[in-house]
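This report describes a structure with the sequence and coordinates at hand. Keep both in view while reading.

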Amino acid sequence: MKNGMMKDKTKEMIAAYAFLTPNLLGFLVFTSIPVLVSLGLSFMKWDLLSEKAEFVGLKNFIDLAKDPFFWKYCWNTVYLMAAIPISMAGSLLLALALNQKLKGKLFFRTVYFLPTICSGVAIFMLWRLMYNPNFGFFNVMISNFGDLIGLKLTGPNWLTDEAWAKPAFIIMSVWQSVGGYNMILYLAALQGVPRDLYDAAEVDGATSWQKFWAVTWPQISPTTFFIAIMSLIGGFQAGFDLAYIMTGGGPNGSTMTIIYYIFDNAFNWYHMGYAAAISWVLFLIIFVITLLKWRFYGSSIHYT
Amino acid sequence: MVQSFIQSEKMKKEKMVLVPLSQVMAMAVGTKRRFAWKGKIRLFLLTVLLTLGAISMAAPFLWMVSTSLRDAGQVFMDNKVWWREWVPTSFVWQNYVKIWQMKSVPFAMFYLNSLLASVCITFGQVATSAMAAYAFARLTFPGRDQLFFGYLATMMIPGTVTMIPVFILLRALGWIDSYKALILPGIFSAYGTFMLRQFFLTLPKELEDAAKIDGCSYRRIFWNIILPLSKPALATLTTFTFMGSWTSLMWPLIVLNTHTKYTLPVGLAYLQGVHNTDWTLLMAAAMMMILPILVVFLFNQRFFVEGIKLTGIKG
């Protein structure tokens, strides 16, 4: 009897490792070992062409702290995250609207979801053309509107003007994310708010406005927190694809983000050690945000 | 998830029965009647606002379609009258033929490469993730929890951290500028494993236990019980993985050099470099890129919505 149990256990173990092997091999080769190598690399100097990497200690990190470009691109990354609160507010408003007894809800949801689903190079190319100062969608609309009210209006040089490139990116990001994942999450959260809370509020004579702030908002706060944290984590890693297609990081580096800087360092200039060091700083930022999430999610936030 | 969805649908239907009732009540009480009217006006205004919003969401797409159908010379002429911005003076369907026949840019190759890479990555990722997820969810073996924690821990590490060493490794192997380099690293995903494990844990164990008593091997349990029960989760992972690899730009950009090996995103960037001012061509090509995604989305909307709720966040 005992022997049979042992046999079963061994059998199960063998089966388990057989199921695991393909994924585990890939995990070791393409994820876990590279993480360690990358950490080692961040203390080295290597241009990919020379035979050996040279150990430089903390030099990469010290250089990084003194690198004005790094700080500028950090600021850009944070600036571009202005899209997050705008888009979140929009998502919540849309979810509130779509949570009513409306006709054509599915149609609206589909249309609002389209920009999210069609993300990628094709859409960034489209927006680059839409931002064209002379013939693009926005400036033609602006001048047509000017004609309508009898004024001569000219739009800005969206993507080639340092003052306008970041706002242009933010407008695009909001368009792309407002009706997407966050709206669906909010919609699910709204549908989870217990009906009797509203009934109780109505009995007390609460207005819609009061009901929102006293019932809805606290009830959906875990979702708000979750979306904010995930957007923050995403935001620090964002900005490559659209900048690569729309501006190439310009004008004058005003749309360069941390991740673009890593890409340039590693794959254009072959500063492998330096690029690894930046990626570890980025990881550290994300790690701190993740800790915050673990610390607060579910504890101090209202949860039913 | 699906059940709660059905339940909420049911509740909605019950509420709809209640609406006329409350209106009847409102007829009886004068003040309530005014509220009912107010509610109707509110809903109407809401619909108007939502429609305006939907128009601004769809406008860039419409503009894209109309630009892709213009005569190249008309792009800059057509915007003198406001509605010409939307309706081309002549519909040049030829643009959609032209993109496949460009001498300088092998667009058809980009398409095939993208299709090949996306299909391989999606299939590989779903297969290896499902297998590993089964081991994590259902089998006991030494080191399971530690290993799973290792998977979880790497999920928050940004892709850029591992990208550099993986590139160095592939370069050392002489695989740069090959399909292997394009596809292999994408096949293994801690995220997919995690998501499927969570789903497998929710499946009832009774069927498996019965199968085990009948002497079923683990392989058959996995194939004949677990996988068929997990179709929604597998479909969700498949959809997200496919979309992810179809639009992925940075990795192909890093490992590919020869332009006949480019995938669509890199190919479009290349096309933009070569035909910088040829707007009609660029938009026709962009349309061709989003078309498959649009089709997948319109037919599988359910999976997207359920998938987002299931995993809480994009893949």
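Chain A has a mean pLDDT of 88, and 95% of its residues reach 70 or more. Here pLDDT is the predictor's confidence in each residue, on a scale from 0 to 100. This is a predicted model, in which local features need pLDDT of at least 70 and side-chain atom pairs count only at pLDDT 80 or more, while totals for chains, interfaces and linings use all residues. Residues are numbered from 1 along each chain as its sequence is written, and chains are lettered from A and ligands numbered from 1 in the order in which they are written.

## Confidence

Helices and strands are DSSP runs, numbered from the N terminus: helices are H or I with at least four residues, strands are E with at least two. In chain A, confidence is lowest in helix α7 (residues 137-148), with a mean of 85, and highest in helix α3 (residues 68-80), at 95. Over residues 298-304 of chain A, pLDDT stays under 50. For that stretch the model has eleven contacts beyond four places in sequence, a contact being two residues whose C-beta atoms, placed from the backbone, lie within 7 Å.

Chain B averages a pLDDT of 82, with 83% of the residues at 70 or above. Its residues 1-30 have pLDDT under 50 throughout, and the model has twelve contacts beyond four places in sequence for them. The model as a whole scores ipTM 0.88 and pTM 0.86.

## Chain B and its contact with chain A

Chain B has 15 helices and zero strands. Of its 315 residues, 36% are buried. A residue is buried if 20 or more other C-beta atoms lie within 10 Å of its own, exposed if 12 or fewer, and partly exposed in between, with C-beta atoms placed from the backbone. Among contacts in chain B with a separation of 6 or more, 71% join residues 24 or more positions apart.

The contact between the chains takes 71 residues from chain A and 68 residues from chain B. On the chain B side, helix α2 (residues 30-68) gives the most, with eleven residues. By class, the chain B side has 50 nonpolar, 15 polar and three charged residues. Ala, Val, Leu, Ile, Met, Phe, Trp, Tyr, Cys and Pro count as nonpolar, Asp, Glu, Lys and Arg as charged, and the others, Gly among them, as polar.

## The core

A nonpolar core is a set of buried Ala, Val, Leu, Ile, Met, Phe, Trp, Tyr and Cys residues joined through C-beta atoms within 7 Å. The largest one has 153 residues, and those with the most contacts inside it are A122(A), M125(A), L126(A), A285(B) and A286(B). Leaving out residues up to four places away in sequence, A286(B) touches A122(A), M125(A), L126(A), M64(B) and L268(B).

Helix α6 (residues 121-130) of chain A is mostly covered, with ten of its ten residues buried. A122(A), M125(A) and L126(A) are among them.

In chain B, the axes of helix α13 (residues 264-274) and helix α14 (residues 279-299) come within 11 Å and cross at roughly 175 degrees. Axes are lines fitted to C-alpha atoms, for helices over the stretch in contact, and angles run from 0 to 180 degrees between N-to-C directions. The crossing angle makes α13(B) roughly antiparallel to α14(B), a term for angles over 145 degrees. L264(B), L268(B), L271(B) and Q272(B) of α13(B) meet L282(B), A285(B), A286(B) and M289(B) of α14(B). This contact has seven nonpolar, one polar and no charged residues.

## Helix α14 of chain A

Eight of the eleven residues of α14(A) are buried, so this helix is largely enclosed by the rest of the structure. The buried residues include I258(A), Y261(A) and F263(A). They pack against α3, α12 (221-236), α13 and α15 (272-296) of chain A, together with α6 and α12 (250-255) of chain B.

## Backbone details

The table lists residues with a positive phi.

| Residue | Phi | Place |
|---|---|---|
| N252(A) | about 55 degrees | loop between α13 and α14 of chain A |
| D177(B) | about 70 degrees | loop between α6 and α7 (179-187) of chain B |
| Y270(A) | near 55 degrees | after α14(A) |

N252(A) counts as exposed because it has 11 C-beta neighbours inside 10 Å. D177(B) has 15 such neighbours inside 10 Å and therefore counts as partly exposed. A cis peptide bond joins G250(A) and P251(A), with omega about -10 degrees. P251(A) is found in the loop between α13 (240-246) and α14 (258-268) of chain A.

Notes:
Parallel < 35°, antiparallel > 145°, perpendicular 65-115°, else oblique.
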